Every structure is written in structure tokens, then in C-alpha cells.
Amino acid sequence: MTDKKKQLQKHKRIATGLFLLMTIVYIIMVYAIRHSSASWMGYVKAFSEAAMVGALADWFAVTALFRHPMGMPIPHTNLIVNSKNKIGDNLGDFVTDNFLTADNIRPYVEKVDLANMISTWLNKPSNQAILESEITTLAKRILSDLNDDTIINLMTAKAKEGIAAINIQGFISKGLMYAIEKNEHNRLLNIILPKAQIYVEEHRQEIYDNVVEKKPILGLIGGKAVTNQLISGINTFLGDIERDPHHKIRKEITLRLEMLAVDIEASPVWKAKFDEILSQFITDKTIDTYMRDLWASTKESLLHQLEDKNSTLRSYISSSLSKIAIDLENNTENKAKINKWIQYTIYRVALKNTKEVGQLIRNTVESWDGQELSDKLELEVGKDLQYIRINGTLVGGLVGLLIYIITSLL
């Protein structure tokens with residue numbers, strides 16, 4: 001038996017005992033009056049008689065709240081069981097109308113200093129270690145529970161979208177224009193032209209043979225001299241180009257490259273060529289294989305780093321928590337912002353859900369067993385209600401005594 005139940009039984013016995021005492025006194029007084037005419041006996045009899053009436057009346061009132069008195073289904077008794085749903089409705093409306101109002105909520109919300117509480121808690125190294133452990137455990141659980149195929153499919157889809165969004169024509173065109181602006185094509189010519197001159201000099205015989213093969217008549221009329229003159233002319237021409245940075249050939253090459261850059265960016269032919277090249281190297285199978293390998297290695301690496309207390313990731317989590325704690329402690333402006341946001345959120349959520357709170361109370365009370373609810377309430381307030389019975393006995397006796405005295409004086 002719980003302490004509350006023991007207290008309730010104790011006070012019930014006191015109230016009932018007082019009633020029985022008044023009953024015994026009354027019986028004694030009735031008997032005594034029949035055999036004696038002492039005046040004081042009338043007063044005692046009046047007191048005890050009225051006390052019994054008061055005790056019975058208050059016993060009936062208190063008992064009627066929780067059950068039928070003496071088991072008899074008297075109307076308007078066993079009130080809590082019979083009115084359980086009404087109690088839930090009234091309790092829900094009472095809480096909603098009298099507690100969950102803007103005027104009542106605002107003073108409490110404005111006192112909320114959660115930022116300071118978080119800062120104080122977070123600045124303890126032991127708490128940082130706990131939070132780091134919880135974050136690590138949660139991260140590992142999330143990674144382990146993730147469906148690999150779902151992640152891979154998502155990564156593959158995003159990779160395909162990214163590849164499709166790449167403007168290869170624009171990239172190459174802009175790259176070519178950048179090279180032209182930086183004069184890279186002329187630097188390339190400066191490398192190629194000396195090599196070309198050397199090549200021509202070293203292959204005089206081969207050039208002569210090719211010329212004679214195509215024009216045999218030159219071999220009969222001094223082809224060697226003609227070929228040498230031709231080679232000398234070529235080398236002179238190449239030398240002029242090399243030495244003159246503004247040579248018309250350089251300008252022509254620059255113009256042609258610029259036209260090529262514009263054509264590459266705008267031409268559907270070039271687009272088709274680049275798409276074909278891209279499709280040969282980057283297929284759906286290639287992307288899928290790459291993403292599977294990427295996800296497998298990434299997941300394995302993350303799990304390993306989360307497990308290793310000395311890993312870079314764990315060090316980053318730890319240092320981040322320390323930084324947040326220090327910043328939150330020293331930055332009063334951030335504290336104010338956090339508190340303001342928390343207060344606003346609590347205030348808005350509380351006012352928005354007042355009806356839901358009332359409905360929750362109603363539904364909860366309605367779901368309770370009526371007799372169980374009655375027993376619980378009696379256990380909570382029954383002890384105090386027994387004082388009503390005691391007071392009713394004493395007050396009733398005093399009122400009865402007063403009436404007897406007044407009647408006697410008339």
C-alpha cells in the first residue's frame with residue numbers, strides 16, 4: 001500500500017470515528033435523559049444529534065464524487081465516473097483559456113535563456129566528449145543504414161545531369177580564345193619555325209627526290225639547283241615569320257584561330273563531334289562503375305575516420321565543438337540572436353497549438369477508465385476531503401447546539 005493510500009485510509013478512519021463517537025454520545029444522552037432531568041444533557045444531545053447529521057451529509061457529498069454511496073445508484077452520485085468526458089472537456093478548455101494565452105506565455109518565454117544554458121553545458125570538456133561521441137555514433141548509424149543502391153543511383157543521376165550540362169563547345173572555344181589572347185599560338189610558332197627550318201635543311205635530298213619524282217624534267221635541267229633555291233626560299237620565308245611578330249602569316253593564323261573558336265562555339269557540327277567523342281569515353285556503364293567505386297571508397301573512409309579517435313574527421317568534429325563553445329560563450333550578440341529565435345519559435349508554436357493541447361487533454365481523459373480516474377483523484381485529494389467530513393461533524397454539532405440554545409431561550 002502506498003503512502004498516499006495509507007494517509008487516505010487514516011483520515012477516513014478519523015472522520016468515521018468522529019461520526020461514531022457522536023452517535024455513541026447521542027445514544028447515551030437519549031438514554032440518560034429518560035432517567036435523569038439534568039439540563040446540560042439536552043445541550044450535549046443537541047450537539048451530538050446535529051453533528052451526526054452534518055457528518056452524514058458531508059460523507060454523502062464526499063462519497064458521491066467518487067462512487068455510489070453504499071452502492072445505491074442514487075441520481076447525481078458517482079459524479080467523476082459519470083462526468084469523465086465533461087471533466088476532460090472542461091479541463092481542456094480551462095487550460096487553453098487560462099494558461100495557454102499570449103499574456104500568460106509571453107513572460108515565461110521571455111525568460112528563456114537557452115543559449116546561456118547550452119554555452120555553459122558545452123564549455124565543459126566532458127560534455128563536449130559526450131556530444132562528439134553521440135554525433136559520431138549517429139553519423140555511423142546513418143552511414144550504415146543508407147541504401148547503397150539508392151545513393152549510387154542518385155550520384156549517377158546527378159553526374160549525368162552535370163555532364164549533360166557541361167558546355168564542351170563553349171569550354172573549348174573560350175580556351176582557344178584565351179590562348180590567343182595570351183599569345184600562346186605565336187609562342188608555339190616560335191618553337192615550331194626553327195625546328196621546321198632545321199628539318200628542311202636536314203632533308204634536302206629527300207625533298208629533291210620527291211620533287212624529281214613528281215617532275216622528272218627538273219632532273220634533266222638542273223633540278224638540284226632549283227631545289228636548293230626552293231629550300232633556301234622556304235627557310236628565308238620561315239625565318240621572316242619567326243623574326244617578325246607582326247608577320248601577315250601570324251595575323252592570318254590568328255584570324256583563322258579566332259574564326260575557328262567562334263565556329264566551335266556556334267556550330268552544330270562541332271557539337272555533334274564533341275558529343276560523339278564524349279559518348280565514346282563516358283558511357284552509362286562507366287559512370288555507374290565510377291560512382292560505385294567512389295561511394296564504396298568514400299563510405300569506407302568515412303566509417304574508418306569516425307571509428308578512429310585520432311582521425312582528421314574526428315579532430316575536425318572535436319575542434320568545431322570547441323570553437324562553437326568558445327564563440328557562443330564570448331559572442332553576446334549571437335547569444336541574443338539564438339535566444340530571440342528560440343523564444344519566437346516557442347511562442348509561435350505554443351500559440352499555434354493551444355487547441356491541440358486542449359484536445360490532447362480531452363482525448364487523454366476520455367481514454368482513461370472512469371473508475372480508475374475516480375480512484376486516482378480520490379487518492380490525490382481524498383485526504384483533504386475527509387477534513388470536510390470532520391469539519392461538517394463539528395460545525396453541524398455547533399449549529400445544532402446554537403439552535404437548541406436559541407430555542408430554549410425563546
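## Y404 and its aromatic partner

Y404 is found in helix α20. The model examined here is a predicted one, and in it Y404 counts as partly exposed, at 30% relative accessibility. This value falls in the partly exposed class because that class lies between 20% and 50%.

A search of the whole structure finds two aromatic pairs. In one of them, Y404 is joined with Y43 in an edge-to-face arrangement, with 5.1 Å from centre to centre and 80° between the planes. The pair ties together parts that are 361 residues apart in sequence, because Y43 lies in helix α2 and Y404 in helix α20, which covers residues 370-409. A pair of aromatic rings is described by the distance of the centres and the angle of the planes. Like Y404, which is partly exposed, Y43 is partly exposed, with a relative accessible area of 35%.

## A nonpolar patch on the surface

Which residues form a nonpolar patch on the surface? The patch is made of W40, Y43, Y404, I405 and L409, and together these residues have about 510 Å² of accessible area. Both tyrosines of the edge-to-face pair are therefore also members of this patch, which is a grouping of residues with over 30% relative accessible area and no salt bridge.

Two helices are represented in the patch, as α2 and α20 each supply at least two residues. Helix α20 gives the most, with three residues.

## Salt bridges within helices

Side chains of opposite charge can pair when their charged atoms come close. How many salt bridges does a search of the whole structure find? The search finds 12. Three examples, each set within a helix, are described below.

The first example is in helix α2, the helix that also holds Y43. Here the side chains of K45 and E49 meet in a salt bridge, with 3.6 Å from N to O. K45 and E49 are four residues apart in this helix, which spans residues 40-66, and that spacing is about one turn. K45 is partly exposed, with a relative accessible area of 23%, and E49 is likewise partly exposed, at 34%.

The second example is in helix α10, residues 184-202, where R187 and E184 are three residues apart and so separated by about one helical turn. Their side chains meet in a salt bridge of 2.6 Å, N to O. R187 has a relative accessible area of 41% and is partly exposed; E184 is also partly exposed, at 38%.

## Helix α13 and a salt-bridge network

The third example joins D240 and R243, whose side chains meet in a salt bridge of 2.9 Å, N to O. Both residues lie in helix α13, residues 223-243, and they are three residues apart, about one turn of the helix. Are these two partners buried or exposed? D240 counts as partly exposed, at 32% relative accessibility, whereas R243 is exposed, with a relative accessible area of 62%. Elsewhere, salt bridges that share partners join D149, D288 and R292 into one network.

## A charge over a ring

A further contact involves a charged side chain and an aromatic ring. The charged end of K273 sits over the ring of W270, at 4.8 Å from the centre of that ring.

Conventions: Residues are numbered from 1 along each chain as its sequence is written. This is a predicted model: local features need pLDDT of at least 70, side-chain atom pairs count only at pLDDT 80 or more; totals for chains, interfaces and linings use all residues. Side-chain values use heavy atoms; hydrogens and water are left out. A salt bridge is a side-chain nitrogen of Lys or Arg within 4 Å of a carboxyl oxygen of Asp or Glu. Buried means under 20% relative accessible area, exposed over 50%, partly exposed in between (1.4 Å probe, protein chains only). Rings of Phe, Tyr and Trp (its six-membered ring) pair if their centres lie within 6.5 Å; planes under 30 degrees apart count as stacked, over 60 as edge-to-face and the rest as tilted. A charge sits over a ring if NZ of Lys or CZ of Arg is within 6 Å of the ring centre and within 35 degrees of the ring normal. Patches are made of residues with over 30% relative accessible area and no salt bridge: like charges are joined within 9 Å, nonpolar side chains (Val, Leu, Ile, Met, Phe, Trp, Tyr) within 5 Å. Accessible areas come from the Shrake-Rupley method with a 1.4 Å probe; for residues, only the protein chains shown count as cover.
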